[in-house]
Amino acid sequence: MISEATKARFAREVAKYPAEQKQSAVMACLAIVQQEQGHVSEASEAGIAEYLGMPQIAVHEVTTFYNMYNQQPVGKYKLAVCTNLPCQLRGGYEALHHLEKKLGIHMGETTADGMFTLQQCECLGACADAPAMLVSDRHMCSFMDNDKLDQLVDGLRAAEGKQ
Amino acid sequence: MTTAAQVLAQFQATGVQTCFHDRHINPQIYADLNGSNWSLKDYEARGGYQALRQILGKDGGEGLTQDQVIATVKESGLRGRGGAGFPTGLKWSFMPRQFPGQKHLVCNSDEGEPGTCKDRDILMYNPHIVIEGMIIAAYAMGISLGYNYIHGEIFQVYERFEAALDEARAAGYLGDNIMGSSFNFQLHAHHGFGAYICGEETALLESLEGKKGQPRFKPPFPASFGLYGKPTTINNTETFAAVPWIIRNGGAAYLACGKPNNGGTKIFSVSGDVERPGNYEIPLGTPFSKLLELAGGVRTGRQLKAVIPGGSSSPVLPASVIMECTMDYDSIAKAGSMLGSGAVIVMDDSRCMVESLKRLSYFYMHESCGQCTPCREGTGWLWRLVDRIQRGDGRPADMDLLDSVASNIMGRTICALGDAAAMPVRAMLKHYRHEFDAMIRKPNPQAATSA
């Protein structure tokens, strides 16, 4: 079920496109659902398909094609560290490995308390800020040396009362 | 107590290192920005929306016809800033203006080419310059609906652009009867969500239609069959951002900023082994050595080894070659590479080219859309070969196999991603074959390099 509040956010996106092209809003609707629920479930895909008047499989094609949609539940914070060449040259892998050690997990995994999921990601488009990291799809973090990574993880834990 | 949002905000880019420095040369797009002067009022104070006033005849003048606007852009020598370097005025003249029915204008801000981060700083710190450029383009081509497709990873930039759109609508620069004229133009922002391929213009159109971003066959080209099957013109963010200056100052003045056939300024994103990575706006034709100097030079204690001059898809150039180049389309092409998106990835003498190519190859394998077999299968072959060479498991025949796979991808795919994956391989083999050979002979990669 999609709430009325969420539908209001959908409507804002749908309004950008010609009336017969509502499907264009599918990426935005999926991103909204992910922001609210943490991932995109089959039920959400069905709800969006109905809302936009498109086949559910066409929604699922979009979810599975684009890297940032979470097809499974993730931790409260998804940490995506860029390791592409420009970041690699300035400590991208060091950042990823530092987080693996700090969180006690490997990339692709989620901490036992459900706080953090750690991923390697492709180019974030913040190459001059390397090492760059994207937190939960919407927060770009720049110049993430080990000290800053510690501050970020400790800060988020404290903010969530998990220190 | 500090909230999670406050924690995250501490690490947000400020633009100080990458954009608000005094190391641009005669900047037009990045001029006078400080991070807090992005809004409409500030943009107007810098002369913003004057060009729009001028073409609509709202500055006391006669206004410009569509043909005059296109002629001015042609005269300027402006070439597409997204990678291909196609002359913008010529592209605009391809739009069938008399076509009855809807036509579309699209801005490609899906900036995901490794090394590139210039459009992000334009949209974040000077969003109205892109909006004004798009309005002028729409006027010139008789278009009433446009979209700016923004890279999904830079979500804060997308939100900033939406805020700027709201301002422009409220001020009457967007919408119906713009500034009291008969010209209508609606503009909206659309975000991606993680797919490099959507920077390819027809994949972008598919994505904008709410589908998987798989490139289309060309022809038909977007100018005849684009968004929703209607004529569409697509330009890069920086291309649109150049337009207001050209209208205000004239095409000849813009051309004079650069060099013949390479008009104007260009923003270069310098990353990698330099002291001051960042975006640098400089006239086309500036020597590479000057750009390197602006970026603080190679990291202290190191020598320049190689440069990838136009984003990860462009062939690598050894130090001795790039140091003789000027930064413009023609000089870099003559040296055997491409100016591309202007992403300059600098590598110093500690770097192992096998390791560098391995990460590039992984990227193309990951981002291949899977539509064409040579690319879907070939990019996997490339990565697996480079990976096993780097791990010390390479076989003598691997060098020829790498070259064979790369040449069998090139020219056999719908879009340029296949070529983009193959070109770096061939250039690396051309200039640094000895590093690959050394790793194949010596099973321990640590013994072969210090990187």
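A salt bridge here is a side-chain nitrogen of Lys or Arg within 4 Å of a carboxyl oxygen of Asp or Glu. With that in hand, look at where chain B meets chain A in this predicted model: five salt bridges run between chain B and chain A. One to pull up on screen is the pair A:Lys16 and B:Glu162, whose closest N and O atoms sit 2.9 Å apart. Besides the salt bridges, you can count polar contacts, and 24 residue pairs between chain B and chain A make one, with both partners at pLDDT 80 or more.

Which parts of chain B supply the side that touches chain A? Quite a mix of elements gives at least two residues each, including helix H1 (4-9), strand S2 (145-150), helix H8 (155-170) and strand S3 (186-191). Further along chain B, helix H9 (201-208), strand S5 (265-272), strand S11 (343-348) and helix H15 (353-367) do so too. H15(B) gives the largest share, eight residues. Sort the residues on this side of chain B by class and you get 32 nonpolar, 26 polar and 14 charged.

Now for the interface as a whole. The size of an interface is often given as the accessible area lost when the parts come together. For chain B and chain A that buried area is about 5,100 Å², and carbon and sulfur atoms give 60% of it. Three residues are worth clicking on: B:Phe11, B:Phe193 and B:Arg359 supply 18% of the area that chain B buries against chain A, more than any other three residues. In terms of contacts, 72 residues of chain B touch 58 residues of chain A.

Next, the empty space. Rolling a probe the size of a water molecule over the atoms shows where empty space is left. The largest pocket holds about 1,400 Å³. To find it, head for B:Gly82, B:Gly83, B:Ala84, B:Gly199 and B:Glu200, which lie nearest its centre among 50 lining residues. Several elements of chain B give at least two residues to that lining, among them helix H5 (88-94), strand S1 (104-109) and helix H18 (417-441), but the largest share, five residues, is from S4(B). By class, this lining has 16 nonpolar, 22 polar and 12 charged residues.

The second largest pocket has a volume of about 600 Å³. Its lining counts 33 residues, and those nearest the centre are A:Asn67, A:Met68, A:Gln119, A:Gln120 and A:Cys121. Strand S1 (77-82) and strand S2 (116-121) of chain A each give two or more residues to this lining, and so does H15 of chain B. The classes here come to 15 nonpolar, 13 polar and five charged.

That leaves the closed spaces: a search of the whole structure turns up two cavities of 30 Å³ or more. The largest cavity, about 140 Å³, has residues of both chains in its lining, including A:Met140, B:Gln12, B:Arg120 and B:Asp121. H6 and H8 of chain B each give two or more residues to that lining, with H6(B) giving the largest share, four residues. Its residues divide into six nonpolar, two polar and two charged.

What about the second largest cavity? It takes up about 80 Å³, and among the residues lining it are B:Cys369, B:Cys372, B:Cys375 and B:Cys415, along with B:Ile197 and B:Pro215. This lining has eight nonpolar and four polar residues, and no charged ones.

How values were computed: Residues are numbered from 1 along each chain as its sequence is written. Chains are lettered from A and ligands numbered from 1 in the order in which they are written. This is a predicted model: local features need pLDDT of at least 70, side-chain atom pairs count only at pLDDT 80 or more; totals for chains, interfaces and linings use all residues. Side-chain values use heavy atoms; hydrogens and water are left out. Contact means heavy atoms within 4.5 Å. Buried area is the accessible area (1.4 Å probe) that two parts lose on being put together, summed over both. A polar contact is a pair of N or O atoms within 3.5 Å; within protein, one must be able to donate a hydrogen and the other to accept it, and residues adjacent in sequence count only if both atoms are side-chain atoms. Ala, Val, Leu, Ile, Met, Phe, Trp, Tyr, Cys and Pro count as nonpolar, Asp, Glu, Lys and Arg as charged, and the others, Gly among them, as polar. On a 1 Å grid over the protein atoms alone, a cavity is a set of points where a 1.4 Å probe fits but cannot get out, and a pocket is an open set with protein on both sides within 12 Å along at least five of seven lines; lining residues have an atom within 4 Å of a point. Grid points are joined across faces, edges and corners, and a volume is the space filled by probe spheres set on the points.
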